[in-house]
Amino acid sequence: MPHFDATTFASQLFWLAVTFVTLYVLMSKVALPRISDILEERQRRISDDLDMAERLKAETEAAIATYEKALATARASAQAEIARALEANAAEAAARHAEMDAVLSAKITESEERIHAARRDALAEVNGIAADVAAAIVERIADVKADADTVAPVVAAVAKERGL
Amino acid sequence: MASPIEQFAIKPIIPIHVGGVDISFTNSALYMVIAVVVATVFLTGAMSKRALIPGRLQSMVEMIFEFVANMLRENAGSGSQKYFPFIFTLFMFVLVGNLLGLTPYSFTYTSHIIVTAGLAVLVFLGVTVIGFAKHGTGYLRMFFPHGAPIILAPILVPIELVSYLSRPFSLSVRLAANMTVGHIMLKVIGGFVISLGLLGILPFAGIMGVTILELGIACLQAYIFTVLSCIYLHDALHLH
């Protein structure tokens, strides 16, 4: 078998060494760095893209949070505005109510006084008329000229006695 | 009909003699040079576009690269990364040699025991030097399994020693024998195709099957040679 022909060993080993070392140098200096460069570049690109996606997601969430905060603030201020308006309306209504009350009670008092005065006047005139009637009646019945000044106190006393 | 082992004959192409030593450029040397050229052109050419999204050739190269890188990482463990160029070169040299040999009329340098022995001894010496450089004389613990009773030392140490020293033999013989036998088988069946005339269609069908099998064996043996080198490297780096 040619495998065991020792005369070829030196040549085969020599050329094995030459070609193997050449291949080793070519692989380690040229081929492998080029391949690993590309693989690393791809890996970096992928992780960059993932990072970017992560960042964009975080930004989106921050934007959503800001929006919701703004919404909540707006809602709260609207509520406050409504409450303030309601309160102002209620106060105004109460003020007007009180004002109207005052005006009305003043009118009532005034009217009552007027009624009192009218009644007093009327009562005073009733006594005078009663005295005149009494004097006339006395003159016709007793044919006595009754003095108005004499009759008036008597009429007044009678009226008082009868609770008029 | 030619002898089935004629294909393994070493034929000088350019006779060179240096100091009485014959280092002629032979058909074996020619195929080693072709293998270097093919491997380099394939690996650099396919990556020349440096595409971020690889094409078919670039994918193949990247797969081979990651295949060898994973093989080394899984079998040799930490600290083995700096030997990656060597392991990769070893894998490509054996793989391309095996595959080139399957081309009709070509020569298979990995079928020669002296070539595989050269590679195996290189691995063996390299691993032994790395082992002693890393662990000093502690590397001798390789020859006595951790935790075994000391009384077994007279039996265990010679066994471990023999198993360690037989590594380059098993490594080189396995590859050379596989390649030689495969090629003899192809040649013999090929001979039947001619000699059986019209009936030669049967061995012709057979030879197609065997060729596919040999393609598989070519890749498998390159893998085995490399993975065993990785395991030996693991022993040197981390002991058992």
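The expected span of a helix is 1.5 Å times one less than its number of residues. The exercises below apply this and other rules to a predicted model.

**Exercise 1. Check whether the ends of helix H4 (residues 113-135) of chain B lie as far apart as they should.**

Step 1. Helix H4 of chain B has 23 residues.
Step 2. At 1.5 Å a residue, the expected span is 33 Å.
Step 3. The end C-alpha atoms are 32 Å apart, which agrees with the expected span.

**Exercise 2. Find the buried residues of H4(B) and what they pack against.**

Step 1. A residue is buried if 20 or more other C-beta atoms lie within 10 Å of its own.
Step 2. The buried residues of H4(B) include B:Ile113, B:Ile114, B:Val115, B:Leu119, B:Phe124 and B:Gly131.
Step 3. Within chain B, the buried residues pack against helix H3 (84-101), helix H6 (167-195) and helix H7 (201-238).
Step 4. They also pack against helix H1 (9-142) of chain A.
Step 5. Just after H4(B) comes B:Gly136, with a positive phi of about 60°.

**Exercise 3. Decide whether B:Thr40 is buried, partly exposed or exposed, and list its contacts.**

Step 1. Locate B:Thr40: it sits in helix H1 (residues 27-45) of chain B.
Step 2. Count neighbours: B:Thr40 has 18 C-beta neighbours inside 10 Å.
Step 3. Buried needs 20 or more, and exposed needs 12 or fewer. B:Thr40 therefore counts as partly exposed.
Step 4. Leaving out residues up to four places away in sequence, B:Thr40 touches A:Leu26 and A:Ala31.

**Exercise 4. Describe how chain A is built and how spread out it is.**

Step 1. Chain A has two helices and zero strands.
Step 2. For 164 residues the globule rule gives 15 Å, but the radius of gyration of chain A is 64 Å. Chain A is therefore more spread out than a compact globule.
Step 3. The C-alpha trace of chain A spans about 200 × 25 × 15 Å along its principal axes.
Step 4. Buried residues make up 9% of chain A.

**Exercise 5. Describe the build of chain B.**

Step 1. Chain B has seven helices and four strands.
Step 2. Along the sequence the pattern is β-β-β-β-α-α-α-α-α-α-α.
Step 3. Its C-alpha trace spans about 70 × 50 × 45 Å along the principal axes.
Step 4. Of its 240 residues, 33% count as buried.

**Exercise 6. State how many residues meet between the chains, and of what kind they are on chain A.**

Step 1. On chain A, 32 residues are in contact with 37 residues of chain B.
Step 2. The chain A side divides into 19 nonpolar, eight polar and five charged residues.

How values were computed: Residues are numbered from 1 along each chain as its sequence is written. Chains are lettered from A and ligands numbered from 1 in the order in which they are written. This is a predicted model: local features need pLDDT of at least 70, side-chain atom pairs count only at pLDDT 80 or more; totals for chains, interfaces and linings use all residues. Two residues are in contact if their C-beta atoms, placed from the backbone, lie within 7 Å. Ala, Val, Leu, Ile, Met, Phe, Trp, Tyr, Cys and Pro count as nonpolar, Asp, Glu, Lys and Arg as charged, and the others, Gly among them, as polar. The radius of gyration is taken over C-alpha atoms; the globule rule is 2.2 Å times the number of residues to the power 0.38.
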